[in-house]
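Have your viewer ready and follow along, one selection at a time. Each stop says what to pick and what you will find there.

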Amino acid sequence: FIGRNRNMSKKSIQRTAIRISFLGDAGCGKTSIINRFIEDKFTDVHLTTIGLEKNEKKMKMKDGTQMKVILWDTAGQERFKTMTKTPIKASQGIVIVFDLTKKVTFENLDNWVKTIKENNNNAPIALFGNKSDMIEEIEINNEDAEKYAKEKDMFYFETSAKENVNVKEGLDKIIEESYEKAEGEIGTQLKKGKNNKKKRQMLKQEEIKKK
Ligand code: GDP
Ligand code: MG
């Protein structure tokens with residue numbers, strides 16, 4: 001999400017937030033994963049949330065920039081594909097969650113990928129196979145999921161919101177990738193623009209610093 005920074009010239013823009021949309025069939029654990037990441041807790045009972053919930057966390061990116069990370073839960077709207085279009089379009093990154101113990105949620109992934117591609121061709125995607133703690137009931141093996149993710153150019157993580165496995169690793173990865181990709185795009189836009197002398201100089205200095 002792009003906001004204006006009052007300290008900079010009017011024309012310059014600065015990213016202040018990264019938005020990550022959570023998609024996938026109902027019951028796979030989207031809300032649980034978000035709760036685990038934001039508050040580090042897990043509850044077995046959930047009230048179906050109506051409307052949008054504010055799931056935010058301040059995070060430092062690898063380059064030191066402080067970002068507001070917004071995790072956009074599709075709360076009970078999963079069936080209504082049209083309602084997920086807006087968050088998909090406005091996101092810098094996407095997480096698709098399926099349930100390792102329910103094959104049908106894996107088979108539905110094609111539909112989710114299609115919906116994403118129709119609305120956002122830029123955002124990096126992470127695929128989470130959730131409920132890895134339910135060892136006895138697992139129907140999708142790691143190889144098949146890895147292969148599918150690779151085909152669709154997604155990062156894959158086997159997660160458990162319940163046992164706190166790979167939630168932080170997976171989200172850190174997709175947040176950083178999304179941030180870097182989005183920053184790259186701003187950089188390109190600014191380099192093309194005429195009125196961003198100051199910002200261009202800053203970017204140049206950063207490049208020099210890197211060397
Ligand atoms: P959502 O509809 O995708 O948001 O899914 P929820 O987060 O509401 O989770 C659906 C159900 O699965 C709830 O009863 C959760 O407690 C349960 N659940 C979520 N994540 C896990 C997990 O990692 N392991 C297990 N065993 N259960 C989970
Ligand atoms: Mg939910």
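Start by selecting V95 in this predicted model. Beyond its neighbours within four places in sequence, V95 is in contact with I20, S21, F22, L23, A126, F128, L171 and I174. V95 also appears among the residues with the most contacts inside the largest nonpolar core, alongside F22, I33, L71, F128, L171 and I175. That core has 23 residues. Colour its contributors by element: β3, α1 (30–39), β5 (66–73), β6, β7 and α6 (167–192) each supply at least two residues. Which helix gives the most to this core? Highlight α6, which provides five residues. A separate core of 20 residues lies apart from this one, and L23, W112, V113 and A145 are among its members.

**The strand around V95**

Next, select the whole of strand β6, residues 93–99. Is the strand largely enclosed or left open by the rest of the structure? Seven of its seven residues are buried, so β6 is largely enclosed. In a regular strand, side chains alternate between the two faces of the sheet. Try two colours here: G93, V95, V97 and D99 on one side, I94, I96 and F98 on the other, with both faces covered.

Now add the partner strands. Strand β3, residues 17–23, pairs with β6 in the parallel sense over four bridges, and I20 is the residue opposite G93. Strand β7, residues 125–130, also pairs with β6 in the parallel sense, over six bridges. To find one of the matches, label V97 and look for F128, its bridge partner in β7.

**The aromatic rings**

Stay on β6 and show the side chain of F98. The structure holds four aromatic pairs. In one of them, the rings of F98 and F106 have centres 5.2 Å apart and planes at 55°, so this pair is tilted. F98 is buried, at 0% relative accessible area, and F106 counts as buried too, at 16% relative accessibility.

Now swing to Y156: how are the rings of F98 and Y156 arranged? Their centres are 6.3 Å apart and their planes make an angle of 15°, so the pair is stacked. This contact links distant parts of the chain, with F98 in strand β6 and Y156 in strand β8 (residues 154–159), 58 residues apart. Y156 counts as buried, at 11% relative accessibility. Add Y148 to the selection to complete the picture: ring pairs link F98, F106, Y148 and Y156 into a cluster.

**A leucine beside the cluster residues**

Select L109, which is found in helix α4, residues 109–119. Its relative accessible area is 1%, so L109 is buried. Leaving aside neighbours within four places in sequence, L109 is in contact with I96, F98, L127 and Y148. If you draw a distance line between the C-alpha atoms of L109 and L127, it should read 9.3 Å, for two residues 18 positions apart along the chain.

**A charge over a ring**

Move to F37 and show K57 with it. K57 lies over the face of F37, at 4.5 Å from the ring centre.

**Two backbone stops**

Most residues other than glycine have a negative phi. Where are the departures to look at here? K131, in the loop between β7 and α5 (142–151), has a positive phi of about 75° although it is not a glycine. D153 sits in the loop between α5 and β8 and has a positive phi of about 60°, again without being a glycine. Is D153 buried or exposed? With 68% relative accessibility, D153 counts as exposed.

**Zooming out**

Finally, show the full chain. Its secondary structure comes to seven helices and eight strands, and buried residues make up 44% of its 211 residues. Of the contacts with a separation of 6 or more, 70% are between residues 24 or more positions apart.

Colour by confidence for the last view. The chain averages a pLDDT of 85, and 75% of the residues score at least 70. Residues 7–12 fall below 50, and this stretch has nine contacts in the model beyond near neighbours in sequence. Where pLDDT is low, the predicted coordinates should not be read in detail.

Methods:
Residues are numbered from 1 along each chain as its sequence is written. Chains are lettered from A and ligands numbered from 1 in the order in which they are written. This is a predicted model: local features need pLDDT of at least 70, side-chain atom pairs count only at pLDDT 80 or more; totals for chains, interfaces and linings use all residues. Side-chain values use heavy atoms; hydrogens and water are left out. Buried means under 20% relative accessible area, exposed over 50%, partly exposed in between (1.4 Å probe, protein chains only). Two strands pair if DSSP finds at least two bridges between them. Rings of Phe, Tyr and Trp (its six-membered ring) pair if their centres lie within 6.5 Å; planes under 30 degrees apart count as stacked, over 60 as edge-to-face and the rest as tilted. A charge sits over a ring if NZ of Lys or CZ of Arg is within 6 Å of the ring centre and within 35 degrees of the ring normal. A nonpolar core is a set of buried Ala, Val, Leu, Ile, Met, Phe, Trp, Tyr and Cys residues joined through side-chain atoms within 4.5 Å. Contact means heavy atoms within 4.5 Å. pLDDT is the predictor's confidence in each residue, from 0 to 100.
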